[in-house]
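This report walks through selected side-chain pairings and burial values, and ends with the overall fold. Please keep the sequence and the structure in view while reading.

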Amino acid sequence: IENWRITSSIHENLKPNEVFQLAIRKIRTNIADGKLEQEPWSQKIDQNGRQHYRESGRILAYSLMNVLSKSGENFGEDAKAIGFDYATRAVRYGLSGQEAVRAFLFFSNSILNSILSASQSANMMMDDGMVKMIDLVNQFMDQILLALVEHYERLRLEELKKDQ
């Protein structure tokens, strides 16, 4: 009964603020370990651009914290805004569509891994609350990714029209 009580609620066990802090640490660790610089897309980006992408990663983590704390209340607008941000940065730094997606996935995967690490550290079982939380995270990330691709394609078309 005690184990069920501990793992039965998203908000009691893995608070959004904790997820946010873990995500930021995970992303910083990946950057410090040189994982970011090993990414082919990252090599196209200057130091200023990398700072912009780090900021995008923080915005992503913060938005996810809000999504989790509100149990997913209508996060579509946040997802679209983040997707637009990633698409705009990708076009600005000359990334291909695939590289833009890889850049997003780098930060997205760091956040998802931090959630899983936090749940393991807390010895949480994969109960309904955890499944719902991971499902909510995936829905949010999927919406961001779809918005990124949509905006990227639109921005690239606009660039092509300008060049003609």
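## Arg154 and its partner in helix H8

In this predicted model, Arg154 has a relative accessible area of 39% and is therefore classed as partly exposed, since that value falls between the 20% and 50% limits. The side chain of Arg154 meets that of Glu150 in a salt bridge, with an N to O distance of 2.9 Å. Glu150 is likewise partly exposed, at a relative accessible area of 44%.

Both residues belong to helix H8, which covers residues 128–163, and because they are four residues apart there, about one helical turn separates them. Side chains of opposite charge can pair when their charged atoms come close.

## A pair within helix H6

Helix H6 (residues 76–92) holds another such pair: Arg89 forms a salt bridge with Asp85, and the closest N and O atoms are 3.2 Å apart. Here too the two residues are four positions apart in the helix, so that Arg89 and Asp85 are separated by about one helical turn. Arg89 counts as buried, because its relative accessibility of 10% is under the 20% limit.

## A link between distant parts of the chain

By the distance rule applied here, the count of salt bridges comes to four. One of them joins the side chains of Lys44 and Glu99 at 2.8 Å, N to O. This pair links distant parts of the chain, with Lys44 in the loop between H4 and H5 and Glu99 in helix H7, 55 residues apart.

Is each partner of this bridge buried, or partly exposed? Lys44, at 44% relative accessibility, counts as partly exposed, whereas Glu99, with a relative accessible area of 14%, is buried. The link between the two side chains also registers as a polar contact, again at 2.8 Å. When residues up to four places away in sequence are set aside, Glu99 touches Trp41, Lys44 and Gly94.

## Ser42 in the loop between H4 and H5

The loop that carries Lys44 also contains Ser42, and this loop runs between helix H4 (35–38) and helix H5 (47–69). Although Ser42 sits in a loop, its relative accessibility is 1%, and it counts as buried because that value is under 20%. Which residues does Ser42 touch, not counting those up to four places away in sequence? The contacts of Ser42 on that basis are Leu36, Glu37 and Arg50.

## Ser114 in helix H7

Helix H7, which spans residues 97–121, includes Ser114 as well as Glu99. Ser114 is buried, with a relative accessible area of 3%. The C-alpha atom of Ser114 is separated by 8.5 Å from that of Arg25, a residue 89 positions away along the chain.

## The protein as a whole

The protein contains eight helices and zero strands, so its elements, taken from the N terminus on, read α-α-α-α-α-α-α-α, with helices and strands assigned as DSSP runs. Of its 164 residues, 45% count as buried, and Ser42, Ser114, Glu99 and Arg89 are among the residues in that class.

Among the contacts with a separation of 6 or more, 83% are between residues 24 or more positions apart; the Lys44 and Glu99 pair, at 55 residues apart, is one of the links between distant parts of the chain. The surface that the protein exposes amounts to about 9200 Å², and carbon and sulfur atoms supply 50% of that area.

Note on methods: Residues numbered from 1 in each chain as written. Predicted model: local features only at pLDDT ≥ 70, side-chain atom pairs only at ≥ 80, totals over all residues. Heavy atoms only, no water. Buried < 20%, exposed > 50% of the residue type's maximum accessible area, 1.4 Å probe, protein only. Polar contact = N/O pair within 3.5 Å; in protein donor to acceptor, adjacent residues only side chain to side chain. Contact = heavy atoms within 4.5 Å. Areas by Shrake-Rupley, 256 points an atom, 1.4 Å probe, with all protein chains shown as cover.
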